[in-house]
Amino acid sequence: MNTPQEIDHALEERLSRRLLDTLIRAGLVFALVWLCFHFFAPFLTMMLWALILAVTLYPLQQKLAKRIGGRQGRAAMLIVVLGLGLIVTPTVMLSSSFGDSVHELINGVNDNTLSLPAPPASIAALPIVGKKVHATWSQAHNDLPAFVRSMQPKVSELSSKALSIVASLGGGLLKFLFSFIIAGIMMAYAEAGAPAMQAIFERVAGIARGAEFTQLTTSTVRAVASGVIGIACIQALLIGISLIIANVPFAGALALVTLMLGVAQVPAAIVTLPVIGWMWTSGDYATTPAIAYSVLILIAGSVDNVLKPLMLGRGVDAPMPVILLGALGGMATDGILGMFVGAAILAVGYQIFMRWVDDNPERSRQPTAGDSVAMPR
């Protein structure tokens, strides 16, 4: 018979081997996951945006498919073509305008051909920073080359950052283009992909909660993408096109500012009203064109009042600060495309986290105010 010491030694060896096997398997799984993420990371933002587009446009694709005899692939292709024509083309125009504006600004600074108007006297009356801003602005107005030389390190840094932003716009537009095409493929094969996504949620959250989390994620993505991002994009594109038609300088940059303000739910009047004021005071526009351009810009700036009741009717449960933080964080990490993805993903994460917080089993076991509680004897 084996002694107790021999039995313990054999048990220890078996446990050691199993532990070693488990650690080796876990290490191999971790290495495989890391390699998959390493090779997929360059396409992660693009694929996420394609998935968001597919989820958002799928109801429209289904309606279109019913009208053409249930042809899913052809309906998806029509949506992609229309999307590229109505969204990508104006976006390319605005990006080109933004790049030209940045190049003109940098060339004007380098060639000493740029001039600044005199600062208004009201600037000096602003509390705390008014006098300093007025003095700096006056220095730049009186002798811009000397002002640029005094700010040379900062100007060089800002110029390099501006050029990098312009260069990244081209890559962002290509990613946006491919994302739209991939979204069309996802919509064409959505009938097979939807059960797979629900199976993933069931594996993560359990069979009972899988369908609920799938519905929650889908509704949140559609609400944020159409109700917040969609309205901001449409308004920014319309304002940008209106500024290009009115020959307003820095139209692309102003459209980008409008887009960021729209995501943050800030009125576009912050951009449009100063532009209209500049048109009437610059002396470059006759009365009739100034009136026509002003009306056009005002209409483009107020289009969100019409779109919000139509596209935001389903409601966005995530707080706007969460969406804004996701947009700003996504833009800081992955550019313009990351702004859209960050807003949607952070809103989905917030909704899932808050649903998990509300689903507290201990809270459900707490007696309500009307329940009778047995008193100990």
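The legends below describe close-up views of a predicted model.

**View 1. The chain as a whole is built from helices, without strands.** In this predicted model, the chain holds 14 helices and zero strands, so that, under the run-based assignment of elements, its order from the N terminus on reads α-α-α-α-α-α-α-α-α-α-α-α-α-α. Of the 377 residues of the chain, 31% count as buried. Among the contacts in the chain with a separation of 6 or more, 68% are accounted for by residues 24 or more positions apart.

**View 2. The largest nonpolar core has 33 residues.** Within this core, W49, I323 and F340 are the residues that touch the most other members. At least two residues of the core are supplied by each of α2 (44–67), α3 (72–111), α6 (152–188), α8 (207–245), α9 (251–263) and α13 (320–358), and the largest share, ten residues, comes from α13. A second core, separate from this one and made up of 15 residues, includes L243, A246, L261 and A300.

**View 3. The second largest pocket encloses about 680 Å³ of space.** Its lining consists of 25 residues, of which L51, V55, A194, M197 and T218 lie nearest the centre of the pocket. The helices α2, α6, α7 (190–205), α8 and α13 each supply at least two residues of this lining, with α7 giving the most, namely eight residues. In character, the lining residues of the second largest pocket divide into 18 nonpolar, six polar and one charged.

**View 4. T214 is shown in its place in helix α8.** Because its relative accessible area is 15%, below the 20% limit, T214 is classed as buried. When neighbours within four places in sequence are left aside, T214 is in contact with Q198 and F201.

**View 5. Helix α9 is shown together with Q265, which follows the helix.** The helix α9 has 13 residues and reaches 18 Å from its first C-alpha to its last, a span close to the 18 Å expected at 1.5 Å a residue. Buried residues in α9 are A251, G252, A255, T258, L259, L261, G262 and V263, and one of these, L261, is also included in the second, separate core of 15 residues. The phi of Q265, after α9, is positive, near 60 degrees.

Methods
Residues numbered from 1 in each chain as written. Predicted model: local features only at pLDDT ≥ 70, side-chain atom pairs only at ≥ 80, totals over all residues. Heavy atoms only, no water. Core = buried A, V, L, I, M, F, W, Y, C linked by side-chain atoms within 4.5 Å. Buried < 20%, exposed > 50% of the residue type's maximum accessible area, 1.4 Å probe, protein only. Helix = DSSP H or I, 4+ residues; strand = E, 2+ residues; numbered from the N terminus. 1 Å grid on protein atoms, 1.4 Å probe; cavity = no way out; pocket = protein on both sides within 12 Å on 5 of 7 lines; lining within 4 Å. Points joined across faces, edges and corners; volume = space filled by probe spheres on them. Nonpolar A, V, L, I, M, F, W, Y, C, P; charged D, E, K, R; others polar. Contact = heavy atoms within 4.5 Å. Expected span 1.5 Å × (residues − 1).
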